[in-house]
Amino acid sequence: MLEVRDLKVAFPKEEPGSKLVDWAVKGISFSMGRGEILAIIGESGSGKSMTALSIAGLLPPDAVSSGEILFNKKDLMALSKEGRRMVQGKDISMIFQEPMTSLNPVMKIGKQIEEVLVLHTGLSKAERKERVCKALLDAGLADPERLCQSYPHQLSGGMRQRVMIAMASVLKPQLMIADEPTTALDKRIQGQILRLLKQINTEKKMGILFISHNLEVVKDFCDRILVMYQGEIVESGTPEEIFQNPKEEYTKKLLASIPKGKQIVKKEILEKKPVLEVRNLNVYYTEKRKQKRQVIFNANFTIYEKEIVGLVGDSGGGKSSLSKAILGINKDIKGEICHFTEYPQMVFQDPYGSLNPVKRIGWILEEPLRIQGRLKKAERKEKVLHLLERVGLDRAYAGRRPGELSGGQRQRVCIALALILESRFIIADEPVSALDVTIQAQILELLKELKEEYKLSYLFISHDMAVINEMCDRILRLEDGKLYEEI
């Protein structure tokens, strides 16, 4: 069904007249059979997403590409824009890694999903509505009638991701490109979505090109795996071959980086200073006709100095709402929130939506220091460059814009931004969800080191219990807006 031959993708230097140097994809070749589930794994910046965007015809305007992409024996790269749009819309769909930036913020969810049905089917309005509602239900979203009238910002990150999955699957295409489709989902919904994709794959013989850094998901879900590193395919094989008998050192390194977790031992809190106290907190959202919907009910907890507290719960259960209330982003609250530190910060779940797309990374990181006004220009720039290195990025990234970075690289920039003012309390909302396991391990280790160095405390939100067990001293669980302490 799909054959990629000698695909190359490069980006020019910004200096006029310079030669191509930034090769994102370096002449890769592979094929997919009809109905096959093929995974591409590798660390951030290895070329996974650029490969997917090449097949979908969605490369950035400044990208230069060559090679052949044969879909049903037709070379997609040789088609006109109109011809390629017809194939992409009907026969090839894509689930993007960052749902908030992929959905139209001023269009209701129902209209966005219905749009592909209007363009590619002859269904009546009533039939389209029925198909949209069914797609939302299949993607694990309850009350589809209400969701159809909602805007993207009114949904949680996990709910937005499921909307993207509903949109991509509503036409039941021949090939679905899934770029980190379960990154923002909790384990229960993740399993539901994977079962849905597997069901469509079986019933409709739909091929799935599955890009992920979650190796446990890949192991159980896919028929075959490609391992990418620095724009090249370094190894391929079945899940059994890759996981049980990896040949390349890079593949072995990836597998060794999978979080193993640890048994959390309850620590006695003796004379530790609190950095945050939450007392009888109730959080609301005002909906249509000024009706209030309560999402958090009488939450009480304390976070102490140098403590990492995990927060878990289903997607849409109120985790991000609670964190936004703590930082004053959502002011529709009742109760008390007492901070005992300066400059509390947050690492948001969606890294691209958190960064100014027209500014360079160096400017973005330096801006809080300029506002603070304590350092001279040279000192600010050196601190920015040093912090980039601390989160695993080269100093040269200061000159790039967010759109020139991979999802994992953008997430690391967001972590650097939260650290730039040396805050002692940070809310980390899925801080490693967009990172491959090797970089994830580095970032988790970095967060631990910074905790000791600066006496930091974290409220650590994640769907990955292995990560939670690896990082946290205590766990809070949100269920239907009510908070419980597990350990």
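## Aromatic pairs

In this predicted model, the count of aromatic pairs comes to 2. One of them joins Phe210 and Phe221, whose ring centres sit 4.9 Å apart with 55 degrees between the planes, and that makes a tilted pair.

The two partners come from distant parts of the chain. Phe210 belongs to strand 8 (residues 207-211), while Phe221 is in helix 9 (residues 215-221), and 11 residues separate them. As for solvent, both Phe210 and Phe221 are buried.

## Charges over rings

Rings also turn up here with a charged side chain for company. Take Trp363: Lys359 lies over its face, at 4.5 Å from the ring centre.

Tyr397 has a partner too, with Arg400 lying over the face of the ring at 4.5 Å from its centre.

## Helix 16 against helix 17

Now for a helix pair. Helix 16 covers residues 407-419 and helix 17 covers residues 437-454. Their axes come within 12 Å and cross at roughly 5 degrees. Angles under 35 degrees count as roughly parallel, so helix 16 runs roughly parallel to helix 17.

Which residues meet where helix 16 and helix 17 touch? Helix 16 brings Arg412, Ile415 and Leu419, and on the other side helix 17 brings Ile439, Ile443, Leu447 and Leu450. Sorted by type, the residues of this contact come out as 6 nonpolar, no polar and 1 charged.

Technical notes. Residues are numbered from 1 along each chain as its sequence is written. This is a predicted model: local features need pLDDT of at least 70, side-chain atom pairs count only at pLDDT 80 or more; totals for chains, interfaces and linings use all residues. Side-chain values use heavy atoms; hydrogens and water are left out. Axes are lines fitted to C-alpha atoms, for helices over the stretch in contact, and angles run from 0 to 180 degrees between N-to-C directions. Helices (H or I, at least four residues) and strands (E, at least two) are DSSP runs, numbered from the N terminus. Angles under 35 degrees count as roughly parallel, over 145 as roughly antiparallel, 65 to 115 as roughly perpendicular and the rest as oblique. Contact means heavy atoms within 4.5 Å. Ala, Val, Leu, Ile, Met, Phe, Trp, Tyr, Cys and Pro count as nonpolar, Asp, Glu, Lys and Arg as charged, and the others, Gly among them, as polar. Rings of Phe, Tyr and Trp (its six-membered ring) pair if their centres lie within 6.5 Å; planes under 30 degrees apart count as stacked, over 60 as edge-to-face and the rest as tilted. Buried means under 20% relative accessible area, exposed over 50%, partly exposed in between (1.4 Å probe, protein chains only). A charge sits over a ring if NZ of Lys or CZ of Arg is within 6 Å of the ring centre and within 35 degrees of the ring normal.
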